[in-house]
Amino acid sequence: MTRVLNRDSGEINIVPGLAELNALPDSEAVSVLLGCCAAPGWARRVAAGRPYATVDDLLAAAGAAWTDREPGDLDAAMAGHPRIGERRLSGWSQAEQSGVGSDAGTAQALREANAAYEERFGHVFLICATGRGPAEILAELQRRMANGPDAEREVAAAEIGKINAIRLRKLVTP
């Protein structure tokens, strides 16, 4: 098991491989999984499905647990994500949002778009930002403003599912 100090937050993040994740006591496995996604029901279901023979088995179980998530898990997961483009990020979000850049104009445009989105939908804008640049992220945010609230929650949930898969793969792959 690898322990990694997050210099921004001062927290120690536990990064196990698949075998280590399988061997963790239930409460520790849930805690590690909550570091990937702040949805307690999802984390409990994924932890309860152990042991996983392969990373693909873990990802399939995590995907199924997200699809069949408990009431409140989507809200918990959304609350666990920072706004896209925030400068004070730690852990997973810092690496995932690295493509946003540091241009002051882009940062201001994202702040304004985030505020309008949150006013409309009541939660942060969620997008799997890995590999996406600021213009693409901003365009997607603006496009999704046309969604109705229920449709947008489903889009946000799908984005969280993508983020979960990326984080889990990084968590258990050396």
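## A first look at this predicted model

The charged end of Arg69 sits over the ring of Trp66, 4.7 Å from the ring centre. For such a placement, NZ of Lys or CZ of Arg has to be within 6 Å of the ring centre and within 35 degrees of the ring normal.

Before going on, a word on what you are looking at. This is a predicted model, in which local features need pLDDT of at least 70 and side-chain atom pairs count only at pLDDT 80 or more, while totals for chains, interfaces and linings use all residues. Residues are numbered from 1 along each chain as its sequence is written, and side-chain values use heavy atoms, leaving out hydrogens and water.

### The overall layout

The protein chain has nine helices and two strands, and along the sequence these follow the pattern β-β-α-α-α-α-α-α-α-α-α. Helices (H or I, at least four residues) and strands (E, at least two) are DSSP runs, numbered from the N terminus.

How much of the chain is buried? Of the 174 residues, 40% are buried. Here buried means under 20% relative accessible area, exposed means over 50%, and partly exposed is in between, with a 1.4 Å probe and protein chains only. The accessible surface of the protein chain comes to about 8900 Å², and 53% of that belongs to carbon and sulfur atoms. These areas come from the Shrake-Rupley method with a 1.4 Å probe; for residues, only the protein chains shown count as cover.

Contacts (heavy atoms within 4.5 Å) also say something about the fold. Among those with a separation of 6 or more, 63% are between residues 24 or more positions apart.

### Two nonpolar cores

A nonpolar core is a set of buried Ala, Val, Leu, Ile, Met, Phe, Trp, Tyr and Cys residues joined through side-chain atoms within 4.5 Å. The largest one has 32 residues, and those with the most contacts inside it are Trp42, Val46, Leu58, Trp66, Ile160 and Leu168. The elements giving two or more residues to this core are helices H1 (18-23), H2 (26-34), H3 (40-48), H4 (55-67), H5 (73-79) and H9 (149-172). Apart from it lies another core, of eleven residues, among them Ile84, Tyr117, Phe121 and Leu138.

Leu58 is a good place to zoom in. Leaving aside residues up to four places away in sequence, Leu58 touches Leu18, Leu21, Val46, Tyr52, Leu168 and Val172.

Another residue to visit is His81, in the loop between H5 and helix H6 (91-96). Is His81 buried or exposed? His81 is buried, with a relative accessible area of 10%. Again not counting residues up to four places away in sequence, its partners are Val124, Leu126, Ile160, Ile163 and Arg167.

### A cluster of rings

A pair of aromatic rings is described by the distance of the centres and the angle of the planes. Rings of Phe, Tyr and Trp (its six-membered ring) pair if their centres lie within 6.5 Å; planes under 30 degrees apart count as stacked, over 60 as edge-to-face and the rest as tilted. A search of the whole structure finds two aromatic pairs. The rings of Tyr117 and Phe121 have centres 4.7 Å apart and planes at 50°, so this pair is tilted. Both residues lie in helix H7 (residues 104-121), four residues apart, about one turn of the helix. For Tyr117 and Phe125, the centres are 5.2 Å apart and the planes at 75°, so that pair is edge-to-face. Together, ring pairs link Tyr117, Phe121 and Phe125 into a cluster. Tyr117 is buried, with a relative accessible area of 0%, and Phe125 is buried too, at 2%.

### Salt bridges

Side chains of opposite charge can pair when their charged atoms come close. A salt bridge is a side-chain nitrogen of Lys or Arg within 4 Å of a carboxyl oxygen of Asp or Glu, and by this rule the count comes to ten. The table shows three of them, including the N to O distance.

| Salt bridge | Closest N and O atoms |
|---|---|
| Arg83 and Glu118 | 2.7 Å |
| Arg132 and Glu136 | 3.3 Å |
| Arg143 and Glu140 | 2.7 Å |

Glu118 lies in helix H7 and Arg83 in the loop between H5 and H6, so their pair ties together parts that are 35 residues apart in sequence. Glu118 is buried, with a relative accessible area of 19%, whereas Arg83 is partly exposed, at 36%. Arg143 and Glu140 are three residues apart in helix H8 (residues 134-144), about one helical turn. Arg143 is partly exposed at 47%, while Glu140 is buried at 19%.
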